[in-house]
Amino acid sequence: MTQHGAAGDITTYNPHLGNRLGIADAPAVTGAAIDRREIHVDFADGRQRAFAGQWLRHCCWCPDCGNPADGIRFTTVASFPSDIAPAQAEVCNGDLVLTWPDGHRSTYGSDWLIANAYDEAARRRRAAWQPTTWRAELTEHFPTVSWTDACDGGAGQLEAYRMLCDYGIVRIDHLGTESEQTEQLANLVGPIHETTVYGRIYDVRAEPVAKLGAKTGMAQAPHIDDAFYYSPPGIDIFHCLVNTDVGGMSTYVDGFAIAESLRADEPDAFEALTTLAVTHVRRHPGEINLRNRSPVIRLDEFGRLSGIRYFDRALGPLDVAPSDIDRIYDAIRAFSDRMANPEFTATIRVEPGQGMLIDNHRVMHGRTAFDPASGRHIRLCHVPRDEFHGRLRELSLRLDPENHDLYLPQGS
């Protein structure tokens with residue numbers, strides 16, 4: 001058996017690119033100078049960027065050091081001292097080439113260096129993505145892409161991905177009403193995630209004995225699915241096979257719009273919802289007993305909205321300090337009042353043959369009541385957000401490389 005003593009001994013799935021992205025028009029490296037433990041690199045666009053020696057040594061993705069994209073790494077943080085610095089820096093054909101004290105040589109393409117630079121301007125660029133928040137007006141200009149365009153593997157698919165990313169929701173037209181098309185729609189953004197509560201694909205239609213409220217004709221207030229899981233479903237996939245002409249309207253609320261409204265108008269409530277954990281529960285006797293404690297609103301390191309976790313009918317006994325009981329209930333009430341306000345609600349009728357892709361960590365969905373005998377039939381499944389964001393980045397790297405590496409909200 002071959003001994004894998006170095007990355008070069010292994011045939012990997014990824015073709016070896018080293019420290020390159022393949023962006024042809026990136027400004028070339030024009031100069032480099034070592035300043036103690038830092039390397040100052042000049043680029044053809046007139047910018048100079050500084051990189052720490054240990055950062056560059058750790059990030060060498062040559063065949064000997066390995067590549068984190070494969071998870072095959074022989075050079076890790078523990079492999080070198082914190083005060084490491086290259087012995088020589090030079091420019092070769094627009095690349096930065098470093099020679100280390102042990103004789104190892106590392107080559108960095110200019111596109112890779114620019115994309116991964118960590119100076120303040122570069123970090124601001126990566127953090128520049130902002131959601132397109134919306135209220136009831138979305139009804140009039142609902143983000144929509146045809147099925148043919150959405151699965152073209154090119155610009156149409158990128159448009160669908162970006163609508164889902166930016167708005168948290170996108171309608172897919174002309175999907176068709178065959179049941180197998182539910183899975184085809186899901187596969188557009190990732191593999192279906194199976195759960196005890198929903199199984200793999202869940203048929204939402206009224207039943208005489210309903211295990212969940214979804215399988216009745218009663219109205220459903222906007223909510224995210226499965227807030228009681230540690231990691232709720234990422235992308236909701238809805239596929240309409242049959243709808244009714246009376247009732248059964250779909251309602252959508254942008255949790256990010258509510259959160260920003262609270263941040264501006266009721267900062268005490270916003271602070272409570274971002275710092276105090278609330279409890280969501282679900283139990284199916286003899287099957288599963290689920291419980292999660294998390295804030296309703298999750299922020300990232302920059303204070304930006306990252307995710308929403310709210311399902312009013314699944315709220316369990318709140319477990320906070322006695323001094324916070326009134327505060328958290330008042331904050332939840334402020335959030336819920338906005339959620340139920342028509343000003344925040346986009347209401348549409350999803351037609352047979354249409355699909356909906358919904359970011360379940362942001363957009364809450366519900367419906368109006370309908371006659372259980374109407375035959376209304378929606379198929380539902382879930383795809384992890386990681387899979388969707390991963391596919392979005394990969395497609396962006398090919399079609400719009402300058403924006404492929406933006407920080408995206410990691411959810412609730």
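A disulfide is a pair of cysteine sulfur atoms within 2.5 Å. Keep that cut-off in mind for the cysteine view; like everything shown here, it is applied to a predicted model.

**View 1. The whole chain, to get your bearings.** This predicted model has 10 helices and 22 strands. Its C-alpha trace spans about 75 × 55 × 50 Å along the principal axes. Of the 412 residues in the chain, 50% count as buried. If we take the contacts with a separation of 6 or more, 73% of them come from residues 24 or more positions apart.

**View 2. Cysteines without a partner.** Zero disulfides are found in the structure. C151 is in none, and the nearest cysteine sulfur to its own, that of C381, is 16 Å away. What about C381 itself: how far is its sulfur from the closest cysteine sulfur? That closest sulfur belongs to C240 and is 14 Å away, too far for a bond, because a disulfide needs the two sulfur atoms within 2.5 Å. C151 and C381 also sit in contrasting surroundings: C151 is partly exposed, with a relative accessible area of 37%, whereas C381 is buried, at 1%.

**View 3. The second largest pocket.** Here you are looking into about 440 Å³ of space. The pocket is lined by 27 residues, and those closest to its centre are A214, H223, F238, H365 and R367. Which elements give two or more residues to the lining? They are strand 12 (220–223), strand 13 (235–242), strand 14 (250–254), strand 15 (278–284), strand 20 (355–359), strand 21 (363–367) and strand 22 (377–383). Sorted by class, the lining has 15 nonpolar, seven polar and five charged residues.

**View 4. The buried side of helix 8.** Helix 8 covers residues 267–275, and its buried residues are A269, F270, A272, L273 and T274. An α-helix has 3.6 residues a turn, so residues three or four places apart point the same way. What do the buried residues of helix 8 pack against? Their neighbours are helix 7 (255–265) and helix 9 (325–339), together with strand 17 (297–299) and strand 18 (305–308).

**View 5. The hairpin of strand 1 and strand 2.** Strand 1 (residues 29–35) pairs with strand 2 (residues 38–43) in the antiparallel sense, over six bridges. To find your place in the ladder, look for A33, which stands opposite H40 in strand 2. Two residues lie between the strands of this hairpin, and R36 takes a positive phi near 55°.

Notes
Residues are numbered from 1 along each chain as its sequence is written. This is a predicted model: local features need pLDDT of at least 70, side-chain atom pairs count only at pLDDT 80 or more; totals for chains, interfaces and linings use all residues. Side-chain values use heavy atoms; hydrogens and water are left out. Buried means under 20% relative accessible area, exposed over 50%, partly exposed in between (1.4 Å probe, protein chains only). Helices (H or I, at least four residues) and strands (E, at least two) are DSSP runs, numbered from the N terminus. Contact means heavy atoms within 4.5 Å. On a 1 Å grid over the protein atoms alone, a cavity is a set of points where a 1.4 Å probe fits but cannot get out, and a pocket is an open set with protein on both sides within 12 Å along at least five of seven lines; lining residues have an atom within 4 Å of a point. Grid points are joined across faces, edges and corners, and a volume is the space filled by probe spheres set on the points. Ala, Val, Leu, Ile, Met, Phe, Trp, Tyr, Cys and Pro count as nonpolar, Asp, Glu, Lys and Arg as charged, and the others, Gly among them, as polar. Two strands pair if DSSP finds at least two bridges between them.
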